[in-house]
Amino acid sequence: MRRLIVAVVLLVGLPAGLGAAAPLDHGLSSPVEDSYYPAKGEPSVDALRYALRLRWEPGKRMLHGQATVRLRAAQPATAIRLDLAHRLQVTRVHVDGRRTAFAHNANHLAIRKPLRRGQRHSVRVRYRGTPGPVTAPGSRGDARRVGLRIMGNNQLRTMQEPFGAFTWYPVNDQPSDKALYDVRLTAPKNWVGVSNGRLVARKTSRRATVTRWTHGAPMASYLTTLAVGPYRRYRDTGPHRLPVTYWVPRSRPRLVRSLHMVPAALRWLERRLGRFPFDRIGVVVVPGPSAMETQTMITLGAEEYWAGLARVRAVMVHELAHQWYGDTVTPTDWRDLWMNEGMATYLHYRWVAAQADNPQRRWRQIVGQWQRDDQFYRDAYGPPGRYKRQEFASSNVYYPVALMWDRLRRRLGNRQFNQIVRAWPQTHRNSNATRDEMIDWIEGRTGRELSAFFDSWLMSRRSPA
């Protein structure tokens, strides 16, 4: 493969008219220390907007970066602390324009600037190194490593749940701290850089292609995406003229065929969840396995196609459902991953059943299988609401929780259940939430005491089924 140089830039702001008008206050959050992975993230830091300037030298396998983070002090602290992989060497730090001392140990960057509650600062970090993924806290074969990957042909791709953004930029890498992003990517002429949000400009010169992206809705760091490679863009239109784009390797144009179902899937989901929560949606097909609900630009591993087009389409419904459950409403703490995966799984299989000749019979078969498997998953991985820390995103937060939602449907009746499923993301857009907040809200909406119901399904080692 040719030696290629790729530059990636996330800018603090863009000129007027390029979509960067979202005020910094749109990035305000209330960060907390994560109960499952407290080594990642810092509750004293509330990142408002990220800015990165990255230059990738594939021949040297070297990433040169300048990162700017606009932040608010959520709590007093003796230093500004961010997550940044130890593989990346920090060379210089400025705070509010002044060079500042720092310490970079393991995967943490401590900047010697005391924080007073409510103060805002601009932090600029220069660094370089060879990036690479880190071990995930789980046993799934398709997600044992997370973070930025250099592929065999020097393409870049990243998937980073529950953490991994720190493998390529300084970040408060926890779900409770959402922020704004603007992106500029410079790639070789025949390549293109893809990220979240709206593509506001694309220019190709004799040697390079420059793309500029902006996303004005707050986004958790694990939902960011970056893909650089030989992509071709295909355009589509979703409900209410929603812009839809597909980024597919130029050498594999047939991969786009199964993606053209996205507008129909969105219409199906909108009938159940209300209007799509963002201003556009896209899909980027990257080398590797698995898929990820990266916000407004779903990251789809090309290896998903090995299981057939039906599998790809079902995966797309799952990841699209996450835009409501997980993206616009994000768990405050990783112990509540079930809030994302259970509902996405429930809706995913509702869609699968709807494609069958006899949808009701197919649904009964699906639910029956969940019921038979529930105890096995609890034994292997723990209850969904207190899963084993080294079993992140195992089957117990998917199928047992989908079964829980079906049991709640039976208890409430279809009409009331459908109302709360739709109203939750519509009334909590661009927010974080805890399980207590969700359960209290459901009780308030339904007028029923449901704490014991949720406790038995989420916390019990014995299956309530």
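**View 1. Asp455 sits in helix H8.** The model shown here and in the views below is predicted. Asp455 counts as partly exposed because its relative accessibility is 46%, and a residue is called buried under 20% and exposed over 50%. Val286 lies 169 residues away from Asp455 along the chain. The C-alpha atoms of Asp455 and Val286 are 39 Å apart.

**View 2. Helix H5 spans residues 399–412.** The 14 residues of H5 reach 20 Å from the first C-alpha to the last. That is close to the 20 Å expected at 1.5 Å a residue. After H5 comes Gly413. The phi of Gly413 is positive, near 95°.

**View 3. The rest of the structure largely encloses H5.** Of the 14 residues in H5, 11 are buried, so the helix is largely enclosed. A run of buried residues goes from Pro400 through Val401, Ala402, Leu403, Met404, Trp405, Asp406, Arg407 and Leu408 to Arg409. Leu412 is buried as well. Several helices help to cover these residues, including H3 (338–354) and H4 (359–381). The cover also includes H6 (414–427), H7 (435–446) and H8 (451–459). H8 is the helix that holds Asp455.

**View 4. Helix H4 packs against H5.** Two packed helices are described by the angle between their axes and the distance between the axes. For H4 and H5 the angle is about 125°, and the axes are 8 Å apart. That angle makes H4 oblique to H5. The crossing of H4 and H5 is left-handed. On the H4 side, the contact is made by Trp363, Val367, Trp370, Gln371, Asp374, Tyr377 and Arg378. On the H5 side, Tyr399, Pro400, Ala402, Leu403, Asp406, Arg407, Arg409 and Arg410 take part. Among these H5 residues, Pro400, Ala402 and Leu403 are buried.

**View 5. Strand E12 (residues 156–159) is covered on both faces.** In a regular strand the side chains alternate between the two faces of the sheet. In E12, Leu156 and Thr158 are on one side. Arg157 and Met159 are on the other. All four are buried.

**View 6. E12 pairs with E11 and with E17.** Strand E11 (residues 145–150) runs antiparallel to E12, and four bridges join them. Ile150 of E11 has Leu156 of E12 as its bridge partner. E11 and E12 form a hairpin, with five residues between the strands. In the turn, Asn154 has a positive phi of about 75°. Strand E17 (residues 226–229) also runs antiparallel to E12, joined by two bridges. Here Leu156 stands opposite Val228.

**View 7. Three strands make an open sheet in the order E4-E8-E7.** The pairing is antiparallel. Strands E4 (80–83) and E7 (102–105) stand at the edges. Each has a single partner strand, so one side of each is left without a neighbour in the sheet. Neighbouring strands are turned by 15° against each other on average, direction ignored. Four bridges link E7 to E8 (residues 108–111). Asn105 has His108 in E8 as its bridge partner.

**View 8. Strands E15 and E16 form a hairpin.** Three residues lie between the two strands. E15 covers residues 198–204, and E16 covers residues 208–219. The strands run antiparallel, joined by six bridges. In one bridge, Thr204 is partnered by Thr209 of E16.

Terms used:
Residues are numbered from 1 along each chain as its sequence is written. This is a predicted model: local features need pLDDT of at least 70, side-chain atom pairs count only at pLDDT 80 or more; totals for chains, interfaces and linings use all residues. Side-chain values use heavy atoms; hydrogens and water are left out. The expected span of a helix is 1.5 Å times one less than its number of residues. Buried means under 20% relative accessible area, exposed over 50%, partly exposed in between (1.4 Å probe, protein chains only). Contact means heavy atoms within 4.5 Å. Two strands pair if DSSP finds at least two bridges between them. Axes are lines fitted to C-alpha atoms, for helices over the stretch in contact, and angles run from 0 to 180 degrees between N-to-C directions. Angles under 35 degrees count as roughly parallel, over 145 as roughly antiparallel, 65 to 115 as roughly perpendicular and the rest as oblique. A crossing is left-handed if the near helix is turned anticlockwise from the far one by less than a right angle, and right-handed if clockwise.
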